[in-house]
Amino acid sequence: ISAFMVDWVLVEARSEWPDPNNTIKESVTIETKAGLLLLDGRIVGMDANSPLTFDSLKTGLPYHFCVRHRNHLDVVTAEPIRIGSLNQYDFTTAIGNALGNLQQKMSSDGFAYLFGGDYNQDGVIQTTDYDLWQVNPAILGTYMSTDGNLDASVQTTDYDLWFLNKAKVGNAEIDF
């Protein structure tokens, strides 16, 4: 596995158009793939080198893609992607690349990224996530959902991440 691997994610290919009013999930998951998240934000195949590929998608048809992470708010592509021979989508260039109002935030160096702190993966960063962190707020060398900053330790910095993002609600399309 690559030394540049940060974590793994699930990427869902979706048909149908998402609800423009963000009240209910209308898209249908066609296929889900696990991918590796690299330090530079790219998602690659499980060999840590090749592109993430889907088997069930039809060339020429539009799809939305949802990226799911174990302790961040999930995101969906703002625009559909028509499948061709090689497709890429970059969530990091603008917060508007994710469907919905302010579903990502900008870093000080100009990259859009996911909101961390959704420790129970319910699509809302709220006190129930803090409650999970509070049960075991000091664990070293671990891989847990409450390790919000992904440094292999559950500690105050993970609370700090949750605190900065609390009360953030994900788009309805990220519901299961």
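**Strands, burial and a surface patch**

Tutor: Let's start with a pair of residues: Trp-8 has Leu-36 as its bridge partner in strand 2. This is a predicted model, where local features need pLDDT of at least 70 and side-chain atom pairs count only at pLDDT 80 or more, while totals for chains, interfaces and linings use all residues. Residues are numbered from 1 along each chain as its sequence is written, and side-chain values use heavy atoms, with hydrogens and water left out.

Student: What makes strand 1 and strand 2 a pair, and how many bridges join them?

Tutor: Two strands pair if DSSP finds at least two bridges between them. Strand 1 (residues 5–15) and strand 2 have 10 bridges and run antiparallel, so they meet that definition.

Student: Which way does strand 1 run against strand 4, and how many bridges are there?

Tutor: They're antiparallel, with 5 bridges, and strand 4 covers residues 62–68. One of the partners to look for is Phe-65 in strand 4, which is matched with Ala-13.

Student: How many helices and strands are there, and what counts as one?

Tutor: The protein has 2 helices and 12 strands. Both are DSSP runs numbered from the N terminus: helices are H or I with at least four residues, strands are E with at least two.

Student: Why is the protein called as compact as a globular protein of its length?

Tutor: Its radius of gyration is 16 Å, close to the 16 Å that the globule rule gives for 176 residues, so the label fits. That radius is taken over C-alpha atoms, and the rule is 2.2 Å times the number of residues to the power 0.38.

Student: Why is Asn-165 called buried?

Tutor: Buried means under 20% relative accessible area, exposed over 50%, and partly exposed in between (1.4 Å probe, protein chains only). Asn-165 has 3% relative accessibility, so it counts as buried. Asn-165 sits in helix 2 (residues 156–165). Leaving out residues up to four places away in sequence, Asn-165 touches Lys-105, Phe-115, Gly-116 and Ile-125; contact means heavy atoms within 4.5 Å.

Student: And Leu-39: buried or exposed, and how do you know?

Tutor: Leu-39 has a relative accessible area of 63%, so it is exposed. You'll find Leu-39 in the loop between strand 2 (28–38) and strand 3 (43–44).

Student: Which residues form a nonpolar patch on the surface?

Tutor: Phe-4, Val-6 and Leu-39, with about 310 Å² of accessible area together.

Note on methods
Patches are made of residues with over 30% relative accessible area and no salt bridge: like charges are joined within 9 Å, nonpolar side chains (Val, Leu, Ile, Met, Phe, Trp, Tyr) within 5 Å. Accessible areas come from the Shrake-Rupley method with a 1.4 Å probe; for residues, only the protein chains shown count as cover. A salt bridge is a side-chain nitrogen of Lys or Arg within 4 Å of a carboxyl oxygen of Asp or Glu.
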